[in-house]
Amino acid sequence: IDIQKFEEARMQLDCEVFSVQEVINHAESQVDLMMKVKNMTFENDIPESLKAVMDLRLMSRILVNLFTNAIKYSPVGSKLKVQARQSEKGSYELSIKDSGQGIPADQLPFIFDKFWQVYAKKSGYTYSAGLGLTFCRLAVEAHNGTIKASSVVGEGTTFLMTIPMGEINEESVELISGQPVHVSADFDLFNAEEQEVLRTVI
């Protein structure tokens with residue numbers, strides 16, 4: 001439904017200024033149990049001073065989608081590396097790097113397409129993100145940003161978002177603790193056995 005709203009330009013953003021570090025930490029907490037099941041950890045490099053204008057609900061969903069994909073396709077005991085930094089021209093870059101199975105080079109240009117999942121399954125690729133990556137692209141673009149992926153089969157995948165910071169007023173920075181935001185991870189990405197394990201800890 002949200003994808004259709006984006007495509008029809010009917011999705012309204014509710015943007016405020018947030019700490020990028022706090023938003024990332026909040027999204028990480030939403031997938032904490034999945035991380036524990038696979039004995040995985042986050043490795044963060046996020047400046048405390050970095051702030052940006054964003055729709056908290058959408059940004060949280062973007063991050064949880066990307067984290068969920070990374071967890072699904074990463075080996076037990078591995079790390080997810082999350083980095084953020086201010087770039088030139090008033091934007092910030094946010095990257096998520098895993099050490100999973102990777103995505104074939106000939107598929108990278110299409111992974112954000114709505115029907116890529118169907119094609120990938122027919123072609124025998126095991127990596128599948130449903131409509132999650134399509135949503136991520138549309139939600140990032142709604143923030144006037146871009147998202148791209150780089151990958152090496154057998155070594156892992158990195159997603160890189162570049163998003164305008166917007167006009168920052170330090171006095172108007174919102175606190176996550178005051179926001180009623182909870183984003184559910186996409187259980188459809190996991191097989192029946194994995195879903196059963198996750199349900200026992202949630």
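Modeller: Let's start with a word we will need: a residue is buried when its relative accessible area is under 20%, exposed when that area is over 50%, and partly exposed in between. Keep in mind that we are looking at a predicted model.

Biologist: Thanks! How many of the residues of helix H6 are buried?

Modeller: Let's go along the helix and pick them out. The buried residues in H6 are Gly-132, Leu-133, Thr-134, Phe-135, Cys-136, Leu-138, Ala-139 and Val-140. The helix is therefore mostly covered, because a residue must be under 20% to count as buried, and the number in H6 that do, out of eleven, is eight.

Biologist: Which residue with a positive phi follows H6?

Modeller: Helix H6 runs over residues 132-142, so we look just past its end. There we find a phi near 65°, and it belongs to Asn-144.

Biologist: Let's zoom out. What share of the whole chain is buried?

Modeller: The chain has seven helices and eight strands. Among contacts between residues at least 6 apart in sequence, 76% join residues at least 24 apart. Of the 202 residues in the chain, the buried share is 46%.

Biologist: Which element gives the largest share of the largest nonpolar core?

Modeller: In soluble globular proteins, nonpolar side chains tend to be buried together. Here the largest core has 43 residues, and Val-20, Leu-63, Tyr-92 and Leu-94 have the most contacts inside it. Elements giving two or more residues to this core include helix H2 (20-30), strand E3 (51-55) and strand E7 (156-164). The largest share, ten residues, comes from H4.

Biologist: What kind of aromatic pair do Phe-112 and Phe-159 form?

Modeller: A pair of aromatic rings is described by the distance of the centres and the angle of the planes. For Phe-112 and Phe-159, the centres are 6.1 Å apart and the planes are at 80°. Planes over 60 degrees apart get a particular label, so this pair, at 80°, is edge-to-face.

Biologist: How many residues apart are Phe-112 and Phe-159 along the chain?

Modeller: Phe-112 is buried at 9% relative accessibility, and Phe-159 is buried at 4%. Phe-112 sits in the loop between E5 and H5, while Phe-159 is in strand E7. Their pair links distant parts of the chain, and the separation in residues is 47.

Biologist: Now for charges. About how far apart along helix H3 are Asp-32 and Lys-36?

Modeller: Side chains of opposite charge can pair when their charged atoms come close. Asp-32 and Lys-36 meet in a salt bridge of 3.2 Å, N to O. Asp-32 is partly exposed at 32%, whereas Lys-36 is exposed at 56%. Because they are four residues apart in helix H3, their separation is about one helical turn.

Biologist: Which residue forms a salt bridge with Arg-137?

Modeller: Arg-137 is partly exposed at 24% relative accessibility. Its partner lies in H6 as well, four residues away and so about one helical turn along. That partner is partly exposed at 39%. The closest N and O atoms of the two are 3.4 Å apart, and the partner is Glu-141.

Biologist: How many salt bridges does the structure hold?

Modeller: We have met Asp-32 with Lys-36 and Glu-141 with Arg-137. Another joins Glu-93 and Arg-85, with closest N and O atoms 3.0 Å apart; Arg-85 is partly exposed at 46%. In the structure, the number of salt bridges is four.

Biologist: Asp-98 has no salt bridge, so which side chain of opposite charge is nearest to Asp-98, and how far away is it?

Modeller: Asp-98 is in the loop between strand E5 (91-97) and helix H5 (116-122), and it is buried. Its side chain reaches the backbone nitrogen of Gly-100 at 2.9 Å. A salt bridge needs a nitrogen of Lys or Arg within 4 Å of a carboxyl oxygen, but the nearest side chain of opposite charge is 8.9 Å away, and it is that of Lys-97.

Biologist: Last one: is Gln-21 buried, partly exposed or exposed?

Modeller: Gln-21 lies in helix H2. Leaving aside neighbours within four places in sequence, Gln-21 is in contact with Ile-46, Pro-47, Glu-48 and Leu-50. With a relative accessible area of 23%, Gln-21 is partly exposed.

How values were computed. Residues are numbered from 1 along each chain as its sequence is written. This is a predicted model: local features need pLDDT of at least 70, side-chain atom pairs count only at pLDDT 80 or more; totals for chains, interfaces and linings use all residues. Side-chain values use heavy atoms; hydrogens and water are left out. Buried means under 20% relative accessible area, exposed over 50%, partly exposed in between (1.4 Å probe, protein chains only). Lys and Arg count as positive and Asp and Glu as negative; His and the chain ends are not counted. A polar contact is a pair of N or O atoms within 3.5 Å; within protein, one must be able to donate a hydrogen and the other to accept it, and residues adjacent in sequence count only if both atoms are side-chain atoms. A nonpolar core is a set of buried Ala, Val, Leu, Ile, Met, Phe, Trp, Tyr and Cys residues joined through side-chain atoms within 4.5 Å. Rings of Phe, Tyr and Trp (its six-membered ring) pair if their centres lie within 6.5 Å; planes under 30 degrees apart count as stacked, over 60 as edge-to-face and the rest as tilted. Contact means heavy atoms within 4.5 Å.
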